[in-house]
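This briefing covers the fold, the nonpolar cores, one helix and one loop residue of a single chain. Please keep the sequence and the structure in view while reading.

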Amino acid sequence: MFSCSALPSLLAIGGLVIALSATGCRPAIDDGIQFSDDLQSQSQPIDDFSQLLFIAADGQPINLVGQMKQKYAVLVVTRGWTGAICLYCASQTSKWARRFDELEPYDAELFVVFPTETAGDAKLVEELQKKITTGPIENDSIPFPILLDIDLKSVDQLGIRDELAKPATYIIDRQGRVRFAYVGQSIADRPSVDAVLKQLSRMTD
């Protein structure tokens with residue numbers, strides 16, 4: 001089972017605030033957490049992501065494929081939002097924020113999903129953004145959309161429910177076809193940014 005109740009949530013949020021405060025070429029903050037650099041794609045219950053729906057920060061439903069502006073989308077599904085985020089979710093999100101610009105050469109964009117159990121949790125995206133933009137280091141915005149999966153509907157379609165969700169990363173194309181899929185078997189089992197960039201490189205060679 002995936003449980004973050006024993007993890008230091010306040011430390012996780014503080015780390016996210018600091019790490020999300022810069023992107024691009026600035027040195028990354030070493031939080032001591034390492035994700036896997038070389039992973040093979042896995043099979044998944046559905047091959048077509050074109051009908052997956054999420055909820056944007058303004059409460060509006062978003063069709064992921066319809067929202068895509070580039071050839072590929074990297075979809076990162078975190079364990080979920082329960083009023084605080086776990087240390088691993090914070091680390092993964094902050095690492096992507098710092099290296100977000102590295103997706104551009106691969107014609108790829110990033111979406112991060114926080115699974116939630118009720119529609120009332122939609123306000124938590126705004127709270128998360130506020131924590132980041134009013135943090136001790138200036139940061140104007142999060143450089144990628146943060147979406148919600150209300151009632152875990154997409155989590156169930158993807159077959160990744162486990163005390164909210166197993167951490168999962170997918171690469172899909174503009175037709176909604178899955179080009180890479182990895183579902184973690186523990187809360188720390190996630191692809192690194194380098195692992196995802198390596199997969200994108202193979203697609204664009």
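The points below go from the whole chain to single residues.

The model is predicted. Its chain holds 6 helices and 7 strands, and 51% of the 205 residues are buried.

**Overall fold**
- Read from the N terminus, the order of elements is α-β-β-α-β-α-β-α-β-α-β-β-α.
- Among contacts with a separation of 6 or more, 77% join residues 24 or more positions apart.
- The chain has an accessible surface of about 9,600 Å². Carbon and sulfur atoms account for 50% of that surface.

**Nonpolar cores**
- In soluble globular proteins, nonpolar side chains tend to be buried together.
- The largest nonpolar core in this chain contains 31 residues. Val74, Trp96, Leu103, Leu110, Phe144, Ile171 and Leu200 have the most contacts inside it.
- Two or more residues of this core come from each of β3, α3, β4 (108-116), β5 (146-150), β7 (178-183) and α6 (193-204).
- The top contributor to this core is α6, with 5 residues.
- A second core, separate from the largest one, has 26 residues. Leu64, Leu75, Val77 and Ile160 are among them.

**Helix α3**
- Helix α3 (87-98) is 12 residues long and spans 17 Å from its first C-alpha to its last. The expected value at 1.5 Å a residue is 16 Å, which is close to that span.
- The helix is largely enclosed by the rest of the structure, because 9 of its 12 residues are buried.
- These buried residues are Cys89, Ala90, Ser91, Gln92, Thr93, Ser94, Trp96, Ala97 and Arg98.
- Trp96 is in contact with Val74, Val76, Leu103, Leu110, Phe144, Val193 and Val196, leaving aside residues up to four places away in sequence. Of these partners, Val74, Leu103, Leu110 and Phe144 are also listed with Trp96 among the core residues with the most contacts.

**Threonine 78**
- Where does threonine 78 lie? It sits in the loop between β3 (72-77) and α3 (87-98).
- Is threonine 78 buried or exposed? Its relative accessibility is 0%, so threonine 78 counts as buried, the cut-off for that being under 20%.
- Threonine 78 touches Cys89, Gln92 and Thr93, which are buried residues of α3.
- Its other contacts are Val112, Val113, Phe114, Pro115, Ala165 and Arg190, again without residues up to four places away in sequence.

How values were computed
Residues are numbered from 1 along each chain as its sequence is written. This is a predicted model: local features need pLDDT of at least 70, side-chain atom pairs count only at pLDDT 80 or more; totals for chains, interfaces and linings use all residues. Side-chain values use heavy atoms; hydrogens and water are left out. Helices (H or I, at least four residues) and strands (E, at least two) are DSSP runs, numbered from the N terminus. Buried means under 20% relative accessible area, exposed over 50%, partly exposed in between (1.4 Å probe, protein chains only). Contact means heavy atoms within 4.5 Å. Accessible areas come from the Shrake-Rupley method with a 1.4 Å probe; for residues, only the protein chains shown count as cover. A nonpolar core is a set of buried Ala, Val, Leu, Ile, Met, Phe, Trp, Tyr and Cys residues joined through side-chain atoms within 4.5 Å. The expected span of a helix is 1.5 Å times one less than its number of residues.
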